[in-house]
Amino acid sequence: MTEEKKKVAIIGGGIAGLTAAFYLQKIIHDKKLPLEIKLIEASQRLGGKMQTVIRDGFTIERGPDSFLARKTSMIRLAKEVGMEEQLVSNSTGTSYVLVNDKLYSMPGGSIMGIPTEIGPFITTGLFSIPGKLRAAADFVLPRSEGNTDQSLGEFFRRRLGDEVVENLIEPLLSGIYAGDIDQMSLMSTFPQFYEVEQKYRSLIVGMKKTTPSKPKVQPAEKKKGAFLTFKSGLQSFAEGIEAKLDPNSILKGHRVDKITKTNDQYELYLNNGDTLIADCIVAATPHKITQSMFSDYRIFDPLKAVPSTSVATVALAFPEEAIKKDIDGTGFVVSRNGDYSITACTWTHKKWAHSTPKGKVLLRCYVGRAGDETIVDLSDDRIIQIVLDDLSRTMDIGIQPEFAVVSRWKDSMPQYTVGHKQRLETIRKHIKSELPGVFLASASYGGVGLPDCIDQGEEAVKGVLEYLNVTE
């Protein structure tokens, strides 16, 4: 008599769900485990925010455009899927900050805006002399008190002052999270800064001591960028993972409306009226969807209060001659102190040479952030015009783009507000006792970058195998 297979439902086909499905299937095949998986995705495609438009020789990302090379879980997954050869590194170049209608190059040696070299910091025009003197107070200020969470804004303002925060740190950090740094949790986003401060007292001294020295680059060598992407676009990676999955294990175009626990199993009610039974669930869904699916269980109620920001990306394709004032670099971030709608602009043709045909230019701009999201709801034409007006103040663009791609991401950027880590710990503790066999994995919980979501998918796989008591 054959052993009845345990069923694992993975809800959400973004990178976290795809990772969980891929590694679970691999272990099931390798170890011949009595498990079967079902990956359920509400839309008609897998990959979540990894969406690529290939048009007229351009490779345009709608969502993220790359990942940090030092976070190796994505490289490892690319190897497993057989796509390692497709990886390309970004070209390096000067990055700028736009403050008061002027582009200032990022001070050399700054790590997320924290100076590790004094010379470039003293000579930059980004800050006034009083602003620089205030930042120097970091050398003498005491450590933060107690191991409690605080906002990024509170932490950095106390150490380096308002000017450094508003002209450098805020544009960089809010570019990653599209958030309000005076609400965002230090312990859930950059706990390493707190640890450095506790160990060395001075943030500047600590960052200098803990930052590895740059390897000497020989004249013939090209400096390698910190980011990687795929030549054929990030969507091709999602498609590569999907191609390795058993087609019978994937259910697209089906939304899970509700989940209830019955004895030792879970019933999943789908929007088409069907019901699926699972012994284990990986909820690789945004926090609001997770809460809605488990609405019968109060333990998820704290997720209702977690905000999400709406953003949009605007890719603009031009002939080379359109840019009358070319700037040597890869892009800029924008200080909130100006009256610009864009929050950042990447000169994609310079950062990712493979993305753009010869003789063409590709600019990718970002709009929308915490407290300034209404622009995302405007028409494509209106958003494009606002972006062009902003760009013309910096780059002197003389003509309309050959084409534009506007991508809206409604409520897509989860905000790790102060107390995020403690809230999650409490929810996970209650899940373990009340809904054992349920695991959370997505950008809403343990990091918004693609490798962070892969890490969470892998962690969920470990949890599933442990819970079902099957050996890896």
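Two cavities of 30 Å³ or more are found inside this structure, which is a predicted model. The largest cavity holds about 110 Å³ of space. It is lined by 13 residues, and those closest to its centre are T59, E61, D65, T348 and W352. If you would like to trace the walls on the model, look for strand 4 (58–61), strand 11 (227–230) and strand 20 (360–367), each of which supplies at least two residues of the lining of the largest cavity. Strand 4 gives the largest share of that lining, with three residues.

From the cavity, let us turn to a single residue, E170. You will find E170 in helix 6, which covers residues 162–177. Is E170 buried or exposed? Its relative accessible area is 6%, and because buried means under 20%, E170 counts as buried. Which residues does E170 touch, leaving aside those up to four places away in sequence? They are V165, G175, G179, I181 and R336.

Now for the surface. Here I118, I122, F139 and V140 form a nonpolar patch, and together these residues have about 380 Å² of accessible area. One of them, F139, is worth finding on the model. F139 sits in the loop that runs between helix 4 (129–136) and helix 5 (152–160). With a relative accessible area of 35%, F139 is partly exposed, whereas E170 in helix 6 is buried.

Definitions and conventions
Residues are numbered from 1 along each chain as its sequence is written. This is a predicted model: local features need pLDDT of at least 70, side-chain atom pairs count only at pLDDT 80 or more; totals for chains, interfaces and linings use all residues. Side-chain values use heavy atoms; hydrogens and water are left out. Helices (H or I, at least four residues) and strands (E, at least two) are DSSP runs, numbered from the N terminus. Buried means under 20% relative accessible area, exposed over 50%, partly exposed in between (1.4 Å probe, protein chains only). Contact means heavy atoms within 4.5 Å. Patches are made of residues with over 30% relative accessible area and no salt bridge: like charges are joined within 9 Å, nonpolar side chains (Val, Leu, Ile, Met, Phe, Trp, Tyr) within 5 Å. Accessible areas come from the Shrake-Rupley method with a 1.4 Å probe; for residues, only the protein chains shown count as cover. A salt bridge is a side-chain nitrogen of Lys or Arg within 4 Å of a carboxyl oxygen of Asp or Glu. On a 1 Å grid over the protein atoms alone, a cavity is a set of points where a 1.4 Å probe fits but cannot get out, and a pocket is an open set with protein on both sides within 12 Å along at least five of seven lines; lining residues have an atom within 4 Å of a point. Grid points are joined across faces, edges and corners, and a volume is the space filled by probe spheres set on the points.
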